[in-house]
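Welcome! Here is a short tour for anyone meeting this structure for the first time. Have a look at the sequence and the model, then read on.

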Amino acid sequence: MSGETTVDRAIAAALAMGAGTGKGAKRDSGQGLDTGASLLAADPAADPELRARGERYVRLAWERGWQPADVVRLVRRDLEEAHVRLLAELISAEARSYERLAPRWAAQLAELAEPGQEPAPYRADRFSYATAVLELYRLLARLPAIEPVGPVPGTPVHQPAAEGEPRMLTRIRALLAKAEATGYPQEAEALTAKAQELMARHSIDEALLADRTHRGDVPGACRIGVDAPYETAKAILLDAVASANRCRAVRNSAYGFSTVVGFEPDLEVVELLHTSLLVQGTAAMTRAEAAQRAAGRKRTKTFRQSFLMAYAHRLGERLAAATDQVTAESAGSADGGGGLLPVLAAREVAVADRTDRMFPETVATRVRGATDAEGWTHGTSAADNAHVPGARPPIDRR
């Protein structure tokens with residue numbers, strides 16, 4: 001066709017076979033990719049156009065609602081590490097055109113490379129390189145539109161992004177990092193309890209400040225990866241953490257993430273606490289399984305699945321109780337806490353409304369029950385022993 005370039009013909013050949021993305025994607029027979037890769041390998045002059053086309057695909061992904069971490073997660077799941085490196089190069093190059101990035105975007109871009117370094121480039125012979133590029137471009141070209149969780153980089157914003165993070169969050173992050181690193185459970189519990197106290201006060205203080213100053217805060221959203229294995233249990237844990245912090249989580253199982261909707265201080269708390277509790281739960285599951293094997297009882301996937309399901313279920317109860325406790329204490333304080341409950345109620349309504357507008361067609365999904373009694377028992381025990389900041393010790397139910 002007149003005016004068609006080598007890159008046009010190569011991409012058309014790659015897109016002509018195979019369909020979709022994700023676990024159910026139809027695999028290419030190889031003919032289309034081989035044709036496209038051969039065209040590119042034989043035409044070095046097409047390299048600049050090929051690179052520019054990739055940056056356009058990345059930009060198109062942002063316009064369709066995707067963010068860097070979402071695309072990297074999908075590529076890592078469906079393709080190979082070489083494709084992740086190619087994608088990191090494209091994202092970094094495309095991002096250099098923006099004067100300012102939102103904090104979450106900047107953090108996601110920083111994770112693509114070592115501090116102060118560009119992503120390591122992918123090197124291969126021309127045919128292998130072209131094949132990998134076409135496989136990546138085919139996935140990017142077929143990304144569907146999803147619910148956006150923030151403005152596309154480069155679009156005007158009414159308020160400039162704040163530099164750095166609040167000092168309170170820096171303290172919370174440091175406390176949780178120490179709690180996860182220490183080998184002494186009592187020290188970890190004390191550190192995490194202090195962190196949760198700061199989390200709860202930070203969230204309440206922000207809510208009251210926004211109300212007093214008529215700041216006009218509105219709910220936002222962020223995405224958190226929910227990766228295999230045992231993604232259902234992990235999603236339930238995230239939902240419990242979100243609910244306890246006045247947020248709502250909606251899972252997208254096809255693409256391996258959940259979208260959490262809430263006010264910004266609460267979203268930050270959800271991200272920090274979910275990560276910490278997942279680290280604790282995974283470590284506890286590993287210890288429980290090792291003990292089972294030492295006793296001569298072989299454990300299976302059902303043990304681990306049941307363990308994490310019980311862990312998530314029990315932690316949901318503990319987190320909800322902790323939130324109620326802190327809220328009651330704050331609402332009953334003598335320094336104006338009496339106005340807290342209406343403020344929090346209004347924020348919960350706003351979060352529910354934003355969630356309904358973002359996801360008007362969400363459906364409830366039946367979760368397969370736990371089938372390993374010992375896994376459930378150990379998971380419940382691990383949740384009772386988990387360092388839930390600000391929560392009272394669990395009741396002995398023996």
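A residue counts as buried when its relative accessible area is under 20%, as exposed when that value is over 50%, and as partly exposed in between. By that yardstick, buried residues make up 46% of the 398 residues in the protein. Please keep in mind that this is a predicted model.

**The overall picture**

- The protein is built with 14 helices and three strands.
- Among contacts with a separation of 6 or more, 77% join residues that are 24 or more positions apart.

**Two helices side by side: α3 and α7**

- Two packed helices are described by the angle between their axes and the distance between the axes.
- Here, helix α3 covers residues 47-63 and helix α7 covers residues 126-141; their axes come within 10 Å and cross at roughly 25°.
- Angles under 35 degrees count as roughly parallel, and α3 and α7 are therefore roughly parallel to each other.
- The crossing of the pair α3 and α7 is left-handed.
- On the α3 side, the residues that meet α7 are Asp47, Leu50, Arg51, Arg53, Gly54, Tyr57 and Val58.
- On the α7 side, their partners are Arg126, Val133, Tyr137, Leu140 and Ala141.
- Sorted by character, the residues of this contact between α3 and α7 comprise seven nonpolar, one polar and four charged.

**Glutamate 89, in helix α5**

- Glutamate 89 belongs to helix α5, which spans residues 81-95.
- Is glutamate 89 buried or exposed? Its relative accessible area is 14%, so glutamate 89 is buried.
- A polar atom of the glutamate 89 side chain lies 3.1 Å from the backbone nitrogen of tyrosine 122.

**Glutamate 206, in helix α9**

- Glutamate 206 sits in helix α9, which runs through residues 185-213.
- With a relative accessible area of 21%, glutamate 206 is partly exposed, because the partly exposed class lies between the 20% and 50% limits.
- Which residues does glutamate 206 contact, leaving aside its neighbours within four places in sequence? They are Arg215 and Pro265.
- With arginine 215, the link is a polar contact between the two side chains, at 3.1 Å.
- Glutamate 206 and aspartate 266 are 60 residues apart in sequence, while their C-alpha atoms are 9.4 Å apart in space.

How values were computed. Residues numbered from 1 in each chain as written. Predicted model: local features only at pLDDT ≥ 70, side-chain atom pairs only at ≥ 80, totals over all residues. Heavy atoms only, no water. Axes fitted to C-alpha atoms, helices over the stretch in contact; angles between N-to-C directions. Helix = DSSP H or I, 4+ residues; strand = E, 2+ residues; numbered from the N terminus. Parallel < 35°, antiparallel > 145°, perpendicular 65-115°, else oblique. Left-handed = near helix turned anticlockwise from the far one by under 90°. Contact = heavy atoms within 4.5 Å. Nonpolar A, V, L, I, M, F, W, Y, C, P; charged D, E, K, R; others polar. Buried < 20%, exposed > 50% of the residue type's maximum accessible area, 1.4 Å probe, protein only. Polar contact = N/O pair within 3.5 Å; in protein donor to acceptor, adjacent residues only side chain to side chain.
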